[in-house]
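Reader: I have a chain open and want to go through it with you. Can we start with the cysteines once it is up?

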Amino acid sequence: MHPPAPATANSNGGTAAGNTLNPALIRTYRSWKGNNVFFLQGRIIFGPDVKSIFSTLFLVIAPVAVFCAFVARKLLDDFPHHSGYSILIIVIVHTIFVLIALVLTSGRDPGIVPRNSYPPVPDEYDGSVSISSDQNLPPQLPRSKEVIINGIAVKVKYCDTCMLYRPPRCSHCSICDNCVERFDHHCPWVGQCIGLRNYRFYYMFVFSATLLCLYIHGFCWVYIKRIQNSEDISIWKAMIKTPASIALIIYSFFCVWFVGGLTVFHTYLISTNQSTYENFRYRYDRQVNPYNKGVVENFKEIFFSSIPPSKNNFRSKVPIPKESTESSRRRGVDTLTMPVYNDGDQVEKDYKGEEYGKGSELSDTSVDLSNMLDTESGQRQVASFLRQSLWERSSRKWEVTPEVLDEIHEDGESKQIPGDSSKEPGDNL
C-alpha cells in the first residue's frame, strides 16, 4: 500500500480537490473542544448559556423605555433653557454605554488558555513534589508545582482536561470547560466567564448599571415632586397620578441592591487585587496576598494596563483533527481487549497462538479491516467485528465437551464445572 501523496494547497487555502486522502482545512472554532458558542464565523465567542444575555438586555432596555416614554418626556419643558432635554439625552447615552459594556464582556475571549494535545513532559523528579496517583497522568508527573510570585510560593495545579499546568490565578470553568486566566467567576447574566481579558468591561457594566438605576430612581422622584408642586397636592396623590414612576422606583430600588452590591464587592476586590474565586477559596485576609500592589497600583492594573491579546485565533484554518478518529480506534480496541486480558504476557501469548495465527478469521480480514478504518462507518464495523470475535473466543475457553460431562456423570464426582462455582454437575443434568 503506497503512502498518500503530499497535499497541494489551492488558491482558497485548502487542499487540492483530487487529493481526498488529506484532511480538509476548517476554522478553529468549528473544532473547538470547549462548550462555547460562536457567532459571525468565530468573531464573537459566548458561553454555553448565551441565551441569558437576552434576559439581561430586556431587564436593561425595558425600564429605560418606560422611563423615556412616561417620565423623561414629561420633564422636557419643565426646566428653563430646554435643559429638560438633557435628561432624555443622558439616559439614552448612558443606556448605550451599559449595553456596549455588556457586549464587550459577554462576546469576547475572557482569557482562555489553549489546550495541549498531549500531557507535558515531566521534569526530572527531585523528590520535592509528590507523585500523582491519577492514572490519566504520565508517570512522575506531579499534580501541582510551586512558582514564586513576589517572593511568595504559589501552587499551580495540573488540569486533566486541558493537559497543562495552569498559570497563576488561572482556573478551569466547569460551565465553559476551559481554563481561564485570572478566573473570577462565570456570570450567568452575561453568559460568559469573567477573566483577564473582560474583567475591566464587567466592572464597567455593573458600575454603569448601578448609576443608571440611581439616575432613573432619582428622576422618578423629581417628576413626582413636580406633580405635587404644580397641582398643590400631597405626595401620595402625586404618586397615584404617575403609576409608571411608582413601578420604576420599585424596580430600580431592588436592582440597585443587586448591581450596586456587585459594584461595592468588586471595588473591594480590585483595591486588594483579588478575584472572586480567590476571595472565596483562599481567603487572603488570613494570609499574605502575593498579588497586592497597593490600592493605586491595583486600580491601575485593572483599568490602565493594556489588555493582552487572545491566545486563540478562532478564525484560523487548521486541519481536521485526527484525534476523534484515533480516539475512536483506541476506544474500540481498549474496551474490547481490557476486560479479556489483564496482563501483557497473556496478550502476547494469545496473539502468538493459533487463534490469531495464519488461516484465522481475523488474520484473513486484516487487510480489509485496515482499509475500513479510514471511514467512520468502517470503524463501527471493525469494532463490532472485534467485539464478536473476542466474545466467541473467550466463550470457547469455558466450553465443556460432552465426553467430560459423561465422565463426570458416570464417576458421580462432585467436581464443579470450570466457570460455574455455584452449581454442581449433577444439578445441570
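Reader: How many disulfides does the structure hold?
Author: Zero, where a disulfide is a pair of cysteine sulfur atoms within 2.5 Å. This is a predicted model, in which local features need pLDDT of at least 70 and side-chain atom pairs count only at pLDDT 80 or more, while totals for chains, interfaces and linings use all residues. Residues are numbered from 1 along each chain as its sequence is written, and side-chain values use heavy atoms, with hydrogens and water left out.

Reader: Which cysteine sulfur is nearest to that of Cys176?
Author: That of Cys193, 3.5 Å away, and Cys176 is in no disulfide. Cys176 has a relative accessible area of 1% and is buried. Buried means under 20% relative accessible area, exposed over 50%, and partly exposed in between, with a 1.4 Å probe and protein chains only.

Reader: And what about Cys179?
Author: Cys179 is in no disulfide either; its nearest cysteine sulfur belongs to Cys159, at 3.6 Å. Cys179 is buried, with 0% relative accessibility.

Reader: Switching to the fold. How many helices and strands?
Author: There are 14 helices and eleven strands. These are DSSP runs numbered from the N terminus, helices being H or I with at least four residues and strands E with at least two. The protein has 429 residues, of which 35% count as buried.

Reader: At what angle do H1 and H2 pack?
Author: About 175°, with the axes 11 Å apart; H1 covers residues 52–70 and H2 covers residues 85–106. The axes are lines fitted to C-alpha atoms, for helices over the stretch in contact, and angles run from 0 to 180 degrees between N-to-C directions. H1 and H2 are therefore roughly antiparallel. Angles over 145 degrees get that label, under 35 count as roughly parallel, 65 to 115 as roughly perpendicular and the rest as oblique.

Reader: Which residues meet there?
Author: On the H1 side they include Val60, Val64 and Phe67, and on the H2 side they include Val91, Thr95 and Leu102. Contact means heavy atoms within 4.5 Å. The residues of this contact divide into 14 nonpolar, three polar and no charged. Nonpolar here is Ala, Val, Leu, Ile, Met, Phe, Trp, Tyr, Cys and Pro; charged is Asp, Glu, Lys and Arg; the others, Gly among them, are polar.

Reader: Which residues touch the most other members in the largest nonpolar core?
Author: Phe67, Val71, Val91, Phe205, Leu212, Ile216 and Cys220, out of 37 residues. Such a core is a set of buried Ala, Val, Leu, Ile, Met, Phe, Trp, Tyr and Cys residues joined through side-chain atoms within 4.5 Å.

Reader: Which element gives the most to it?
Author: H3, with twelve residues. H1, H2, H3 (199–231), H4 (235–240) and H5 (243–272) are the elements that give two or more. Leaving aside neighbours within four places in sequence, Ile216 is in contact with Val64, Phe67, Val91 and Leu248.

Reader: Is Ile100 buried, exposed or partly exposed?
Author: Partly exposed, at 46% relative accessibility. Ile100 is in helix H2, and its C-alpha atom is separated by 9.8 Å from that of Met204, 104 residues apart along the chain.

Reader: Last topic, backbone. What is phi of Arg169?
Author: Near 70°, a positive value in a residue other than glycine. Arg169 sits in the loop between strands S6 (164–165) and S7 (171–173), and is buried at 15% relative accessibility.

Reader: And where does Arg182 lie?
Author: In the loop between strand S8 (178–180) and strand S9 (185–187). Arg182 has a positive phi of about 45° without being a glycine, and is buried with a relative accessible area of 8%.
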